[in-house]
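Biologist: I have a structure open and would like to learn how to read it. Where do I begin?

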Amino acid sequence: MKLTGVNRFVSNVLAMAYREATVMRHDKAFMAVVTVQPLMMLLLFGGALSNEPANIPWAVLDHSRTQISRQLVSEIESTGYFLRPRAVTSQAEGEALLLRGTALAFVVIPSELRRDTLRGRPEVQLLLDGADPLNAARVGGIIRSVASRFDPSGRGNARAKLVARAGVLDVRGRFWFNSTLRDRDFFLATLAGMLLTNLCLSVTSLGLVGERESGTYEQTLSLPTTPLEIVLGKLLPYVAVSYGVLAFAIVGAGLIFGVWPVGSWLAMAVITLPFVLASLAIGVLVSALANSSAQAVFITVFFIMPSFVLSGVMLPYQLMPDGVRQIGGLLPLRWYQIGLRRVVSRGGGLDDIVVPILALCAIFAGLLLLIRWRLKPRLG
Amino acid sequence: MNARRLRTLVRREVNATLRDPFTLGVLIAVPLVALLLFGFILSTKVEDMRIGVYDASRSSASRRLIADLAASDSFRPRRFETGEAIERALVRGEIGAGLVIPADFERSLLRATAGGAPPELRVLYDGAEAVLAGNAEAFFAGIARATGAQLVASDVTARRLAGAGAGSPAPGGGVGVVTRALFNPSFEGTPFMVAGTFGFVLSFLTTLLTAVSIVNERQAGTFDQLQLTPASTLEILLGKLLPLGAVFAFDVVLMVIAAGLFMGVWPQGSALLFIAISAFYVVFSLSLGLIFSATSATAAEAVQKTVLSSIPTIQLSGFAFPIRSMPLPIQWFTELIPATHYIRVSRAIYLRGAGVAELLPELAILVLFGAFLLGIALRTLERRA
């Protein structure tokens with residue numbers, strides 16, 4: 001008798017799953033979310049978006065007009081971050097370019113450069129457009145480091161050069177896991193997290209509200225199935241699709257952009273389950289809070305935005321103010337991206353991501369309690 | 001066009017909006033939350049980064065370096081007993097950087113002051129956090145340079161060797177750079193993001209609300225009812241768009257005040273000019289919202305369309321990622337996005353204090369785009385009416 005009970009349970013769940021999968025297949029909006037969006041985000045984050053300085057417009061006011069000054073300018077240009085410099089004839093002209101945003105940096109070379117070089121204390125002036133703080137700070141660093149390495153006399157010995165570059169201590173820095181600090185690797189490591197957040201949240205919240213509006217939810221409740229079977233059956237296809245999206249994110253990033261996970265694929269598969277469940281649970285909760293599908297989409301969209309921003313998939317969460325950082329800690333995406341970066345970029349295994357997995361399970365459990373409290377009157 | 005009919009329609013719309021707490025809440029809460037959210041997330045600093053230190057030298061010089069690291073706001077050193085332990089902690093993400101001080105650190109420091117090779121420090125950064133690692137490298141270099149200079153200066157033998165008048169090692173090359181940042185001297189991220197958030201709210205939230213509001217009306221059938229009255233389609237639409245536009249313009253004023261009071265970011269240029277341009281920019285979201293609503297059957301569909309088209313355009317508009325870092329064809333494409341130009345204008349006014357003279361080309365483009373979009377929106381409606 002017990003065996004038939006289990007059999008019945010399994011077959012009920014599978015029947016629900018079959019029904020849900022059929023509905024999904026015919027839902028045009030859903031198919032767009034599953035097919036168009038992942039590709040678009042893969043191309044955006046892999047090929048278009050980046051914070052690295054590139055094509056920096058800059059201006060030079062060269063009072064000295066010597067071989068040395070031209071060499072300094074060409075050495076800065078040859079770092080590859082810059083466009084061709086725009087030569088200006090006065091300080092005011094250069095500052096006007098900064099004001100209009102047509103130059104990010106403005107280098108002023110004094111007429112005494114050659115003389116100062118012979119005396120050993122040459123200096124140039126650098127004006128930066130602080131209106132673009134992230135790039136301006138980096139461009140300042142790039143120009144400073146080129147200038148400090150610059151050897152106008154051509155006579156400097158190796159040690160003197162070293163001292164000039166690093167001070168008294170010779171700091172040999174190396175960037176692990178992403179040696180050239182490409183933003184592409186930073187984004188693509190967590191692409192799966194962004195895609196799954198979009199998918200799980202928008203699809204469940206929309207689907208459930210839609211069913212309540214059209215009355216099919218009540219119909220399902222009148223079937224000889226238990227609520228548990230219904231919920232499991234509904235979630236099963238989403239979990240399957242989620243793993244499909246995960247596979248797409250990994251293979252797409254690998255094939256198109258050459259960013260393959262360094263660590264264990266098994267670890268990625270394991271941490272994805274609690275993350276997907278937690279995200280689906282948020283979708284269910286949203287659908288319980290919203291009165292119409294338009295409201296549900298609103299709430300979902302304005303939940304997805306902050307999760308992208310606060311979780312650290314696009315910007316480092318470590319630099320945010322304390323309170324903001326702690327709010328971000330309540331988001332499943334925060335812990336998923338921590339886990340993904342450990343596995344994908346740093347080559348970690350299952351034992352390295354125990355804490356994120358536990359955190360995700362805790363969030364999922366908390367959400368289940370909330371849903372139970374909120375949905376009870378409707379199911380009763 | 002009849003002024004009295006229009007007034008009635010506007011009053012109807014205002015009453016309907018005031019009775020809908022959800023829309024009202026979205027209109028006020030989302031811009032403010034977006035402001036706070038985006039305002040604080042961009043930073044060029046490094047704060048409290050955990051740095052693993054393996055000190056093989058255990059000398060007073062190495063302890064001095066570690067103490068200097070700890071005294072800075074940027075790093076929090078944590079001791080490790082081996083180099084391998086540091087590497088494992090990096091994989092697990094427990095530390096953001098690792099520092100290995102060689103056993104002969106102090107000795108080679110002494111030798112360096114006498115003309116030998118400078119002591120070598122090995123630093124590993126966690127490149128998985130690309131932005132953090134880049135910032136950390138610059139901060140670490142600064143601290144190491146300062147500490148190194150002090151270590152040499154405090155060393156009596158060094159001073160004697162260096163001779164009179166040479167407090168720091170003689171520069172054997174290199175050009176000094178005197179840096180000054182205009183407009184935002186401390187490279188704060190907040191004003192940059194605040195100015196961009198106007199573009200985000202006015203391109204996304206407002207388009208979404210317009211589309212949903214019109215589709216809802218069509219679905220509920222009130223739109224058809226209105227068309228039976230003597231009012232013309234244009235009047236009905238204006239009756240809908242004018243109050244919406246007024247609310248969006250009010251949102252701009254609200255955001256300007258909130259950013260100033262809560263975040264200390266006021267426009268460097270003329271606030272009036274900024275509000276005027278923003279009020280004009282509202283035309284874009286109204287037109288786009290009209291187009292999306294005219295081509296969708298349900299509110300959910302209109303929302304899907306808006307989200308799918310708005311999110312990538314906002315990401316490409318320079319709101320969070322610099323356009324010049326994108327591949328060239330995409331850079332051309334971004335020039336076709338109205339938000340690109342609006343965000344450029346709002347940053348110029350907010351951060352650089354630019355006036356009409358500097359903004360003329362961008363403003364001309366905005367007006368052109370606005371006329372074009374409005375034309376398309378009206379054409380779409382005529383076809384449906």
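Modeller: What follows covers confidence, domains and one helix pair. Keep in mind that this is a predicted model.

Biologist: What ipTM and pTM does the predictor give the complex?

Modeller: The complex has an ipTM of 0.78, with a pTM of 0.80.

Biologist: Which elements of chain B have the lowest and the highest mean pLDDT?

Modeller: Start with the whole chain: the average pLDDT of chain B is 82, and 92% of its residues score at least 70. Among its elements, the lowest mean, 46, belongs to helix H7 of chain B (residues 156-162), and the highest, 91, to strand S2 of chain B (residues 75-79). Over residues 156-173 of chain B, pLDDT stays under 50. For that stretch the model has 24 contacts beyond four places in sequence.

Biologist: What does the domain assignment give for chain A?

Modeller: Domain 1 is made of 8-50 + 182-379, and domain 2 is 58-166. Their C-alpha centres lie 48 Å apart.

Biologist: At what angle do the axes of helix H9 and helix H15 of chain A cross?

Modeller: Roughly 150 degrees, and the axes come within 9 Å. H9 covers residues 191-214 and H15 covers residues 332-345. Angles over 145 degrees count as roughly antiparallel, so H9(A) and H15(A) are roughly antiparallel to each other. The crossing is right-handed.

Biologist: Which residues of H9(A) and H15(A) meet?

Modeller: From H9(A), A:Ala192, A:Gly193 and A:Thr197; from H15(A), A:Leu333, A:Tyr336, A:Gln337 and A:Leu340. Sorted by type, the contact has four nonpolar residues, three polar and no charged.

Conventions:
Residues numbered from 1 in each chain as written. Chains lettered and ligands numbered in written order. Predicted model: local features only at pLDDT ≥ 70, side-chain atom pairs only at ≥ 80, totals over all residues. Axes fitted to C-alpha atoms, helices over the stretch in contact; angles between N-to-C directions. Helix = DSSP H or I, 4+ residues; strand = E, 2+ residues; numbered from the N terminus. Parallel < 35°, antiparallel > 145°, perpendicular 65-115°, else oblique. Left-handed = near helix turned anticlockwise from the far one by under 90°. Contact = placed C-beta atoms within 7 Å. Nonpolar A, V, L, I, M, F, W, Y, C, P; charged D, E, K, R; others polar. pLDDT = per-residue confidence, 0-100. Domains from an automatic or database assignment.
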